[in-house]
Amino acid sequence: MMGRIVNSVLTTVTVFLVLLSVSVWTVEGKTRHYNFHIQLKNVSRLCHTKPIVTVNGQFPGPTIYAREGDTVLINVTNRVTYNLSIHWHGIRQLRTGWADGPAYITQCPIQNGQSYTYNFTITGQRGTLFWHAHILWLRATVYGALVILPKPSVPYPFPKPNKEITLILGEWWNADVEAVINAALKSGGAPNVSDTHTINGKPGPLGTFTCPIKDTFVLPVEQSKTYLLRIINAALNDELFFDVASHHLTVVEVDAVYTKPFDTKSVVIAPGQTTNVLLHANKNPGRYFMAARPFMDAPVPVDNRTATAILQYTNAPNSSFSSNMIVMPQIPAPNDTAFATNFSNSIRSLNSAQYPAKVPQTVDRNLLFTVGLALDSCATCVSGSRASAAINNVSFVMPTIALLQAHFQNITGVFTKDFPDNPPTPFNYTGTPPKNLFTSKGTRLTRLSYNSKVQLILQDTSVLTVDNHPIHLHGFNFFIVGSGLGNYNPNKDPANFNLVDPPERNTVGVPTGGWTAIRFTADNPGVWFMHCHLEVHTTWGLKMAFVVENGKGPNQSILPPPKDLPKC
Ligand code: C2O
């Protein structure tokens, strides 16, 4: 009798709690709807016109605006002949891996004439992210900003800017990008570098004054006002310096995580990264160049052209309107490693009571992954060899059905869970390269148990050549607890780790010939891609995936796939 009463009281309490959580859930945020039509559009840049793949005919594509807590529904309809998928870069996708977007990892691509609705809720994130195509090299033109505002009436932890501006940096090829990468794969060599960098899709007048002025992005500013610049590096292959002539920039956020504010002359930003800065329009009224140019400290060919845009004071005198009167910034030298190192070491999580840095203080799983370039033999290639890239010497082979589906439905034979925790044969990673440059091939994943605390050392190698690798992890933010040049030393380096306020990001530039240590909590069940965000390295195989098991609790399993999930 007593038991029955207790039971029914418990049931009532449970029902009440469920209702409460449902109502909390529904008042949590708004639902925002977007329609993306993937379509061809003729676009001219550098006096060249070509059809490019776009969203809604826009280049760059439309900006997605949402608030923390909102649910975003984006219906994507594919009207081009390429199969395509879209990735919401940096969105955590808690339990909604089906909406993450990397083709053949979390979904089959959307085929011509088909559509798919990406459906996700933005939980615990606010700031600047971006979206891009996640198949082949289509993200060269299919990209746009994703701006997450704080919840209503929650202020920024920095002075409120008068205006917010999105600056999305990209790369432009006069040739068809798919033709560029296909030619490279055939020959075995590196693909042609881009023809220019762009700011909001435009290269700017530097060196291209013969092209129409519509090739330049102009930002009008009012004297003494403050601007929040949301800078995004959507370039395929180039890490960039970003500068505004005569103006200092105050960094306040990276990868949609607030930082302790710091002043800098230039921003260093790798593909896949975002940086919010405050700019005070407090200089002589005039016209100033904003500029983006590569940072490249490895012996690797790069597009060294400078993209420019113009910061134009609304009260600038007419005399400043001739092009040679525009002030050019002093951009650091392309190989200024010291500047780049100092910049990344200046980034610290805000780590306030409201925005704590939840750095794992202990480690359940220790991983050491080498990331680097290599050469494989190739009978049909010009030089008898083909550029390749690998993690722990495994050059990743893309599956033909989506890994997440195979995991969810227990389909065997698609992947194995035996990705090596450590390099198969340890060597002097950044010293004289070993004789055997060949990589092994496989669709191998690392299994992580739910909520395990992972420490991952990313170690660059000199096998073919050292290079900077911006490594991006889907489904998580991680803390960059340490980094250095040369080989990681497990006996010495951990003593210097920052476990208090390290930067929290989704993409980290592993230094050229160096290493980076990251930590994260595997609290998001699903299959999560990790790869170099230099598209050429991804193509060559510098990618792998984690499979995070479900937890035992009620909200610790991946949700079932949506009905309209594309089929392969
Ligand atoms: Cu921004 Cu897997 O990518």
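Two residues are in contact here when they have heavy atoms within 4.5 Å. Keep that in mind for the exercises below, and remember that this is a predicted model.

**Exercise 1. Work out where Asp376 sits, whether it is buried or exposed, and what its side chain pairs with.**

Start with the address: Asp376 belongs to strand β20, which covers residues 365–377.

Next, check accessibility. Asp376 comes out at 11%, and the cut-off for buried is under 20%, so Asp376 counts as buried.

Now list the neighbours, skipping anything within four places in sequence. Asp376 touches Gly384, Ser385, Arg386, Ser388, Leu437, Phe438, Thr439 and Lys441.

Finally, pick out the side-chain polar contacts. One goes from Asp376 to the side chain of Lys441, at 2.4 Å. Another goes from Asp376 to the side chain of Thr439, at 3.0 Å.

**Exercise 2. Do the same for Asp501: find its place, its burial and its polar partners.**

Address first: Asp501 is in a loop, the one between β27 (478–485) and β28 (504–505).

Then burial. With a relative accessibility of 12%, Asp501 counts as buried because the limit is under 20%.

On to the partners. The side chain of Asp501 has a polar contact with the Lys260 side chain at 2.6 Å, and with the Asn498 side chain at 2.8 Å.

To round off, leave out neighbours within four places in sequence: Asp501 is then in contact with Lys260, Arg348, Ser349 and Asn351. Lys260 is thus on the contact list and also a polar partner of Asp501.

**Exercise 3. Find the largest nonpolar core and look around Leu458.**

Begin with the count: the largest nonpolar core holds 86 residues. Inside this core, Ile86, Trp88, Phe369 and Leu458 have the most contacts.

Zoom in on Leu458. Beyond four places in sequence, Leu458 contacts Phe369, Val371, Ile471, Val508, Val510, Gly514, Trp515, Thr516, Ile518 and Met530.

Then look elsewhere: apart from the largest core lies another one of 41 residues, and its members include Phe217, Leu219, Val221 and Ala316.

**Exercise 4. Say how many cavities of 30 Å³ or more there are, and describe the lining of the largest.**

Rolling a probe the size of a water molecule over the atoms shows where empty space is left.

Searching the whole structure gives four cavities of 30 Å³ or more. The largest has about 60 Å³ of space.

Read off the walls of the largest cavity: Asn237, Asp238, Glu239, Phe295, Met296, Asp297, Asp467, Asn468 and Leu534.

Sort that lining by class, and you get three nonpolar, two polar and four charged residues.

Conventions
Residues numbered from 1 in each chain as written. Predicted model: local features only at pLDDT ≥ 70, side-chain atom pairs only at ≥ 80, totals over all residues. Heavy atoms only, no water. Core = buried A, V, L, I, M, F, W, Y, C linked by side-chain atoms within 4.5 Å. Buried < 20%, exposed > 50% of the residue type's maximum accessible area, 1.4 Å probe, protein only. Helix = DSSP H or I, 4+ residues; strand = E, 2+ residues; numbered from the N terminus. Polar contact = N/O pair within 3.5 Å; in protein donor to acceptor, adjacent residues only side chain to side chain. 1 Å grid on protein atoms, 1.4 Å probe; cavity = no way out; pocket = protein on both sides within 12 Å on 5 of 7 lines; lining within 4 Å. Points joined across faces, edges and corners; volume = space filled by probe spheres on them. Nonpolar A, V, L, I, M, F, W, Y, C, P; charged D, E, K, R; others polar.
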